[in-house]
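Okay, thanks for coming, everyone. I'll put the model up, and then we can walk through a few spots together.

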Amino acid sequence: MLWVALTAFLSASTAAAAEYVVNYANADTRRWSCRLCEFEKAAAQAGTLAAGGLNATGSEMRFGRDNGIDRSGGYLDLNAEYRLATRSGLLVEIAGRNLGLDSRDAALRVRKPGRYGARLRYRETPRNVASDGRSPFSGAQALTLPDDWVPAFSTAAMRRLIDGSSPVRLATKRRRSEIGAWYSLTPGLTVKSEFFHERKRGADETSRDFFYQATALPQSIDYRFKGVKAGLHYETRTVSMALTYAGRKFNNGADVLEWDNPYIGVVSHGRSATAPDNETTTLSFASRMRIGPGTRLNATLVRSEAKQDMPFLAYSSNETIDLPPFGGPGLDGNRELLNAAVNLVSRPVARLRVSVAHAVTDRRDRRREVILMPVLGDLFPTAATVAEGYDYKRARTEVGLRYRLPGGLRVAAGFRNLDNQRSNLEIAGNDELRGWLELTGAIGAGWQLRLRHARAGRDASEFVANTLNNPLTRRFYQAERRDSEWSGGIRFDSAVSGFSIGFDANLRKHDYPDSSLGLQHDRTNGWALDASLAPVPGTSISGFYGVQMRKSQTAGSVPFPDRKWLYDIEDKVTTAGARFAAKGFPHPTLDLSADYAHSDGAGDYRTTLDAVQSGFPGLVSRHRSVDVRLRYAWRPRTSLILRYYFEQYRAADWAIDGLGMDAIRNVLASGRSSPKYGNHLVALQVEARL
């Protein structure tokens with residue numbers, strides 16, 4: 001059969017060669033590389049430079065949250081790629097993307113396959129949130145109120161709240177630099193090293209309170225994150241081993257947040273700790289070994305240690321409370337993690353693949369026990385409590401079988417057992433057993449089928465009353481659970497007509513039979529349909545439509561009197577899109593592509609108490625976008641690229657819409673609203689091939 005297929009392929013190729021002339025100059029080989037090529041290669045260079053400008057109108061923070069186009073106006077649109085291959089085998093690659101925007105990404109890579117290599121990379125990641133909020137606070141770590149501020153018991157009585165507030169820009173920018181190098185000591189032994197430095201700065205919204213009086217605060221963000229990695233890698237045809245050391249250090253330049261109290265009270269200002277400085281070291285060993293022609297053994301061993309010993313802040317900024325001192329200057333936290341895993345994969349016969357895996361994770365909190373005196377709202381001290389470490393141990397065993405049936409179908413089955421043991425938690429441990437069955441493959445005439453079913457049961461230990469929580473409550477990740485999952489799809493592909501269509505569906509249910517309060521059950525289901533058509537070479541039309549829904553129910557109780565209530569949530573997201581792409585349309589020198597996409601989301605929330613149902617206003621989001629690109633081959637090596645992009649977004653959130661700064665007497669809000677915008681973007685680029 002193989003000989004007949006090979007003969008037919010060669011015959012078809014000969015006939016095709018007689019009919020068509022292959023133009024190898026059209027092949028894009030910029031990313032081609034050969035690690036095993038030791039022969040001389042002719043010097044070659046290739047690259048593109050695309051420069052131009054773009055103009056955005058109606059821009060909004062959410063539109064530019066990741067790309068940096070958060071304001072109306074002009075921007076530089078610059079992208080570049082370059083690759084040089086010398087006769088000696090040295091490869092140099094330069095890539096730059098979005099160089100004129102706040103989302104710029106630039107990289108340089110130099111390597112000689114089999115000998116050495118080095119890379120440099122710099123990238124920026126913006127996260128723009130909102131600019132429509134207002135706040136009377138100014139400053140960074142120490143937030144102060146205006147000099148003429150008069151504290152009041154309620155927000156409505158704060159005379160300087162509205163006119164004394166200024167706009168607040170909630171946005172951060174992350175800058176990351178990376179450098180790495182590797183060198184082959186021998187043909188099978190390589191040493192590697194990496195270093196990175198990252199800094200994130202900006203402002204985010206947080207909230208603090210004095211017992212029942214809450215305040216929205218613009219929190220300063222300023223942290224540095226750096227790390228180093230070094231490793232030794234050994235590889236032959238049968239064995240591969242890697243030993244790696246990694247160290248990371250986090251430093252928070254805004255580790256304390258202080259703010260003036262805008263309310264009347266005995267406390268004039270508040271103080272709160274943010275993320276503390278910490279450092280982590282990790283030593284890992286990974287190996288892979290071939291045992292015979294069809295068996296492979298993989299093993300990993302990872303040990304890491306995290307430390308944190310920042311000085312404690314005072315219990316409270318209320319100086320009228322007499323509190324005992326801390327037992328020590330800091331936490332002296334030391335957390336150790338050990339992870340070991342082994343995986344055996346074998347093909348005892350040609351059609352059967354067997355996989356057996358076992359992994360153990362053991363985390364131990366080595367910090368000392370600390371006796372703390374919590375203070376509610378900086379007003380009332382409570383009874384002393386002991387802050388203890390949290391340890392856990394997880395063991396996972398998994399067995400999987402995959403068998404190839406005659407005719408192209410494959411059947412797979414397996415099970416996984418997961419055992420969790422914890423300390424100092426309400427549920428000391430649980431054990432979960434999951435099994436699955438899957439059928440995939442071709443069923444003839446261009447049709448592909450996929451079906452999967454999985455069931456799982458998790459048994460939890462008895463509730464341990466070591467907290468003040470209601471003993472009827474079970475946290476969803478600890479409680480007894482029953483899980484059922486169905487998923488599948490069918491697809492048709494025709495190589496002759498260029499037509500493809502597919503349908504996928506999924507259903508998953510979780511039930512918590514032992515939880516009288518808390519999450520009772522949730523259900524997720526959805527389906528999607530997609531199709532594409534290529535009527536002529538170089539032209540394609542495609543589209544998709546999908547719906548995803550989730551329903552869940554939570555039970556609670558009202559203490560006075562003790563009555564149970566139910567909280568139902570139903571979320572639904574509908575997405576659809578279409579794409580048209582054509583080369584040489586509507587003219588041989590033009591390439592055209594057009595994309596349309598929309599997504600509608602809705603959330604309904606209802607509470608039932610004593611058979612009386614009351615609902616919250618629905619949450620709504622609506623997104624529409626159109627993206628049209630036209631490429632004109634102006635010269636043999638130069639093209640003009642014109643792009644038009646339109647995005648419209650509407651959202652409604654009753655928790656923030658219409659909520660003025662003084663709408664709630666004991667909550668000083670920022671007055672933000674759900675984003676609503678319609679943004680137009682026009683870009684023109686000149687792209688030259690070097």
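**A hairpin, two cores and a histidine**

So, in the hairpin of S13 and S14 there are four residues between the strands, and Gly292 takes a positive phi near 85° there. Strands here are DSSP E runs of at least two residues, numbered from the N terminus.

Quick caveats: this is a predicted model, where local features need pLDDT of at least 70, side-chain atom pairs count only at pLDDT 80 or more, and totals for chains, interfaces and linings use all residues. Residues are numbered from 1 along each chain as its sequence is written, and side-chain values use heavy atoms, with hydrogens and water left out.

Back to the hairpin: S13 (residues 278-290) and S14 (residues 295-308) run antiparallel, joined by 12 bridges; pairing takes at least two DSSP bridges. Ser287 sits opposite Ala299 in S14. On to S15 (residues 333-349), which pairs with S14, antiparallel again, over 14 bridges. Arg303 has Leu338 in S15 as its bridge partner.

Now the cores, meaning sets of buried Ala, Val, Leu, Ile, Met, Phe, Trp, Tyr and Cys residues joined through side-chain atoms within 4.5 Å. Buried is under 20% relative accessible area, with a 1.4 Å probe and protein chains only. The largest nonpolar core has 15 residues, and Phe137, Leu143 and Trp259 are among those with the most contacts inside it. A second, separate core of 12 residues includes Leu54 and Tyr645.

Last stop: is His598, over in strand S30 (residues 590-609), buried or exposed? Buried, because its relative accessible area is 17%. Not counting residues up to four places away in sequence, His598 touches Thr574, Thr575, Ala576, His623 and Arg624, with contact meaning heavy atoms within 4.5 Å.

Technical notes: Buried < 20%, exposed > 50% of the residue type's maximum accessible area, 1.4 Å probe, protein only.
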